[in-house]
Amino acid sequence: MAFPAEVDGVPGGVLIGFVAFLLIAAADGARRALRTHRTWPLRAPLAVGLGLVLLAVPAGGVIAYDAARDDAVEEMLLDRLDKADKIVTAADGRTFDSAKDDYRSALAIYRDLGDDHPDSKAAKRVPDSLSAYYKSVAAPYDERKYCDALAPLKYLRTLPDTLGKDRVGTLATWPDDRLATSLYECGSQGLGTAPGTTAGTGTGGEFGELLRTFPESDQAGKVEPAIRDAIDARSSDLKGSDPCKATEELRGIGTTAKALPADAGGDLSGDAASAVESGVYACGVDEFKDGKFGAAAKTLNDFTGTYKSNGKRDRAKDIAIAAEIAEARPSAGSGLPPAKSPGGAKLTYVVENGGPGPLEVLYTGPTTGTFKLASCGGCKTYTSKAQGKKACLAGKGHPQKTLRLPPGDYHFLYKRDASSVGSVRNNAEGSKVQPGYRYTDCSYVVTGGGLGDLDGLDGLDGLDDVSDVNDLDGPDGPA
């Protein structure tokens with residue numbers, strides 16, 4: 001009834017029944033012993049022999065049962081080990097994030113086998129299972145998916161604390177070199193990406209982690225040359241088709257280099273910053289050439305405001321002025337403004353502010369520049385162009401600026417300070433400056449619906465209620 005042996009032992013009812021049977025047998029033996037019988041010659045030896053048999057059979061049964069029960073326990077433990085191994089195998093091909101709970105479940109079984117049944121056959125096979133476990137968890141490394149390998153390899157480095165260094169054995173250091181390689185390769189792949197992704201923020205990303213975790217490794221020695229090569233490569237790209245992208249990557253490289261330990265990041269961040277300075281200028285010029293005038297103006301104005309001692313600052317100012325004009329008047333962006341003003345005769349070009357509020361004037365053509373005029377204290381807004389023109393012709397004492405311009409085609413942008421008259425739409429116009437004449441350009445403000453007589457003036461379609469208008473009917477006369 002006790003066989004086959006179970007892991008949990010003989011059921012309690014069987015044991016109670018067996019004890020009851022023994023008591024009954026003992027009582028029957030006592031009853032029989034008290035009765036008077038004829039003596040048989042072999043009765044005593046037979047009784048002794050049978051008694052020994054009755055003693056040997058239960059004792060042998062106990063030994064056999066214990067052995068069978070041990071085999072059942074071993075079988076159960078091996079089944080448990082097999083279950084853990086199957087969990088690990090089933091996790092193959094899945095991402096670590098999706099499989100980590102299963103990995104932890106399998107690890108718990110391995111740990112319990114070692115802790116609770118250290119002498120079992122299953123426990124002796126755990127080291128081999130752990131080797132397979134490590135390889136399964138680190139599979140992204142073997143597939144050269146270095147960024148994906150970081151999390152599982154870091155996890156494996158925690159197992160000596162979880163399982164104990166003695167149980168893990170040589171596997172304790174197994175992930176180290178692989179993690180160092182993955183940090184280097186992933187850092188190289190992400191080098192130059194926007195800060196906050198693989199480049200990291202304030203820590204130097206994977207490169208910073210590599211230098212802090214494995215400072216003496218061969219991989220750590222490759223970090224500085226890799227960053228320097230990346231800076232050189234992106235610097236060369238500044239002359240290519242997308243200098244803006246190269247500049248952003250240089251910024252990312254600089255962010256990474258700056259966050260590295262001082263003895264590693266040293267001169268690299270300065271080299272990257274110098275390359276970024278050149279890149280910002282190249283990016284602004286490229287945006288201008290691509291017709292992205294608003295972006296070009298912002299980029300180059302940022303350049304002039306940030307790099308005040310740069311030798312290209314004045315040139316950047318001129319291109320930024322032309323870009324701002326071209327945003328309102330695209331014909332002004334047909335080409336970069338001349339790097340140098342042409343020689344020869346200069347013509348007189350007078351610009352007057354005949355309206356309330358300060359006025360900023362930007363111009364580009366054979367030469368490029370900008371200036372500001374103070375508010376005209378006695379001037380007001382007008383309901384028609386005719387009124388404004390009349391006031392300009394009669395006006396005296398308007399704030400004015402006299403320019404000396406080489407002849408050629410010019411583009412102007414008039415930007416009036418809205419603090420005195422509210423929201424005023426900017427006005428962009430063109431003018432052909434011819435030799436032998438002087439010119440006067442008067443700016444005034446028109447409100448309401450009196451804009452119907454502005455035909456022929458560029459850039460005035462779809463005006464707001466308050467608009468800046470410039471009157472330039474032609475040359476005033478011979479110079």
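**View 1. In strand 7, Asp441 is the bridge partner of Val351.** You're looking at a predicted model, where local features need pLDDT of at least 70, side-chain atom pairs count only at pLDDT 80 or more, and totals for chains, interfaces and linings use all residues. Residues are numbered from 1 along each chain as its sequence is written, and side-chain values use heavy atoms, with hydrogens and water left out. Strand 1 and strand 7 run side by side in the parallel sense, joined over 5 bridges. (Strands are DSSP E runs of at least two residues and helices are H or I runs of at least four, numbered from the N terminus; two strands pair if DSSP finds at least two bridges between them.)

**View 2. Zoom in on Val446, a residue of strand 7 (residues 437-447).** Val446 is buried, with a relative accessible area of 0%. (Buried means under 20% relative accessible area, exposed over 50%, partly exposed in between, with a 1.4 Å probe and protein chains only.) What about the strand around it? 8 of the 11 residues of strand 7 are buried, so the rest of the structure largely encloses this strand. Val446 also shows how a chain can fold back on itself: Gly355 is 91 residues away in sequence, yet the C-alpha atoms of the two sit 9.2 Å apart in space.

**View 3. Here are some of the aromatic rings, from a structure that holds 17 aromatic pairs.** Tyr349 and Phe412 make a stacked pair, with 5.1 Å from centre to centre and 15° between the planes. This pair ties together distant parts of the chain: Tyr349 belongs to strand 1 (residues 347-353) and Phe412 to strand 5 (residues 408-416), 63 residues apart. (Rings of Phe, Tyr and Trp, using its six-membered ring, pair if their centres lie within 6.5 Å; planes under 30 degrees apart count as stacked, over 60 as edge-to-face and the rest as tilted.) Are these two rings' residues buried or exposed? Tyr349 is buried at 0% relative accessible area, and Phe412 is buried too, at 1%. Phe412 has another ring partner, Tyr414: their centres are 6.1 Å apart and their planes meet at 15°, so this pair is stacked. Like Phe412, Tyr414 is buried. Step back and you'll find ring pairs linking Tyr349, Tyr363, Phe371, Tyr410, Phe412, Tyr414 and Tyr439 into a cluster.

**View 4. Strands 3, 2, 5 and 6, in that order, make an open antiparallel sheet of 4 strands.** Which strands form the edges? They are strand 3 (369-373) and strand 6 (427-433), each pairing on one side only. Going from one strand to the next, the twist averages 20°. Strand 6 pairs with strand 5 in the antiparallel sense, over 7 bridges. To find one contact between partners, look for Gly408, whose bridge partner in strand 6 is Val433.

**View 5. Helix 3 (residues 96-116) and helix 4 (residues 121-137) cross at roughly 165°, their axes coming within 10 Å.** That makes helix 3 roughly antiparallel to helix 4. (Axes are lines fitted to C-alpha atoms, for helices over the stretch in contact, and angles run from 0 to 180 degrees between N-to-C directions; under 35 degrees counts as roughly parallel, over 145 as roughly antiparallel, 65 to 115 as roughly perpendicular and the rest as oblique.)

**View 6. Two further helix pairs can be set side by side.** For helix 10 (residues 205-213) and helix 12 (residues 223-237), the axes come within 11 Å and cross at roughly 160°. Helix 10 is therefore roughly antiparallel to helix 12. Helix 15 (residues 293-306) packs with helix 16 (residues 313-328) at an angle of about 155°, and the two axes are 8 Å apart. So helix 15 and helix 16 are roughly antiparallel as well.

**View 7. Arg178 has its charged end over the ring of Trp174, 3.9 Å from the ring's centre.** Over at Tyr184, Lys222 lies over the face of the ring, at 5.6 Å from the ring centre. (A charge sits over a ring if NZ of Lys or CZ of Arg is within 6 Å of the ring centre and within 35 degrees of the ring normal.)

**View 8. Meet Arg144, in the loop between helix 5 (139-142) and helix 6 (146-156).** Its phi is positive, near 60°, in a residue other than glycine. Arg144 counts as exposed, at 65% relative accessibility.
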